[in-house]
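Please read the following report beside the sequence and the model. It deals with ring contacts, a helix crossing and backbone features.

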Amino acid sequence: MKTTAAITAVGGYVPKDKLTNFDLEKMVETNDEWIRTRTGIEERRILKEPGKGSSDMAVPAIEEILRKKNLDPKEIDCVICATVTPDMVFPATANIICDKIGATNAWGYDMSAACSGFIYALTTGAMYIESGRFKKVIVVGVDKMSAIIDYTDRATCIIFGDGAGAVLLEPATDENGVKDSILRSDGSGRHHLHMKAGGSVKPATVETVLAKEHFAYQEGQAVFKFAVKGMADVSAELMERNQLTGDDVAWLVPHQANLRIIDATANRMGLPKEKVMINIQRYGNTTAATIPLCLWEWESRLKKGDNVVLAAFGGGFTWGATLIKWAYNTPS
């Protein structure tokens, strides 16, 4: 029997501090109605504690999994951390996470694919399980977007929030688990969504800091157009490739970037709103954390054998869709 990689537990974490649309009205020229009608966002969570970074959100999300599974962290083989806001440039945030949770037998690394990071990392982690090399792989999507957002730039500050979501992958021999993925990238899109400075092309200087080039930069219209098409196309292609109709899919788990992009993807897949996980109104866009945070919030409603489609689009450009057959019923 072919081994598949099944998600066997999920965990999540969001900071306690909220940043509402009404708070933003006092910071930039915008208003609650404008933000809600264009994005669907009402509030987002912000990690405000000084000296805390992405690893400090990833750790409680993973510790929830360890508790649920009664798992010794020493049993974890590998940790893949999807993030564009690492604690520091190096070492990898995954290594810091392993140290903080006591996963002393694990190795790990970071994956940088912006908002598609979680499904890129999930597909990669699944291959380690399918090969028979590893038995327990943690995939965590985490971003402290508040660290790279200019709160005087109304084009970006209304969109992003902070959070973390994680899953445990283990081998399965029934038909459940990660079934298929279609992943794409197009580097020509980098001009529309990127950070201008801080890399090897343009290292940090006094000038780059003063010019606010260490914040996320986005050309919203160009990104929106490409995202609507990219996310919808790849989700439809995944369904076609696996002979699925909208009736066969229990849930769409879309990246929470914009409600209109989510709606367009669901429409293309022939899915009613009741089958779409949406929490953008509470958390905004947490980049690599949006999809696992949805799985975390909806875990009790997922049923063993459910066909679940994960779909994302991010800076790079990166995009993709993954089909999962859900592997367990949540104990009540």
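The report starts with the aromatic rings and then turns to the helices and the backbone.

This is a predicted model, in which local features need pLDDT of at least 70 and side-chain atom pairs count only at pLDDT 80 or more, whereas totals for chains, interfaces and linings use all residues. Residues are numbered from 1 along each chain as its sequence is written, and side-chain values use heavy atoms, with hydrogens and water left out.

A search of the whole structure finds 10 aromatic pairs; rings of Phe, Tyr and Trp (its six-membered ring) pair if their centres lie within 6.5 Å, and planes under 30 degrees apart count as stacked, over 60 as edge-to-face and the rest as tilted. Two of these pairs involve Phe313, and their values are tabulated here.

| Pair | Centre to centre | Angle between planes | Class |
|---|---|---|---|
| Phe226 and Phe313 | 5.8 Å | 40 degrees | tilted |
| Phe313 and Phe317 | 5.1 Å | 45 degrees | tilted |

The pair of Phe226 in helix 8 (residues 220-241) and Phe313 in strand 12 (residues 307-314) links distant parts of the chain, 87 residues apart; helices (H or I, at least four residues) and strands (E, at least two) are DSSP runs, numbered from the N terminus. Phe226 counts as partly exposed because its relative accessibility is 30%, while Phe313 counts as buried at 5%, where buried means under 20% relative accessible area, exposed over 50% and partly exposed in between (1.4 Å probe, protein chains only). Phe317 is likewise buried, and the peptide bond that leads to Phe317 from Gly316 is cis, with omega near -10 degrees. Phe317 lies in the loop between strand 12 and strand 13 (318-325).

Elsewhere, ring pairs link Trp107, Tyr109, Tyr128 and Phe134 into a cluster.

A second cis peptide bond runs from Phe90 to Pro91, with omega near 5 degrees, and Pro91 is placed in the loop between strand 4 (78-82) and helix 4. Residues of helix 4 that meet helix 3 include Thr93, Ile96 and Ile97, and among their counterparts in helix 3 are Ala58, Val59 and Ile62, contact meaning heavy atoms within 4.5 Å.

Two residues other than glycine have a positive phi. Gln243, with phi of about 50 degrees, lies in the loop between helix 8 and strand 11 (251-254) and counts as exposed at 67% relative accessibility. Thr287, with phi near 55 degrees, lies in the loop between helix 10 (280-283) and helix 11 (290-298), and its relative accessibility of 2% makes Thr287 buried.
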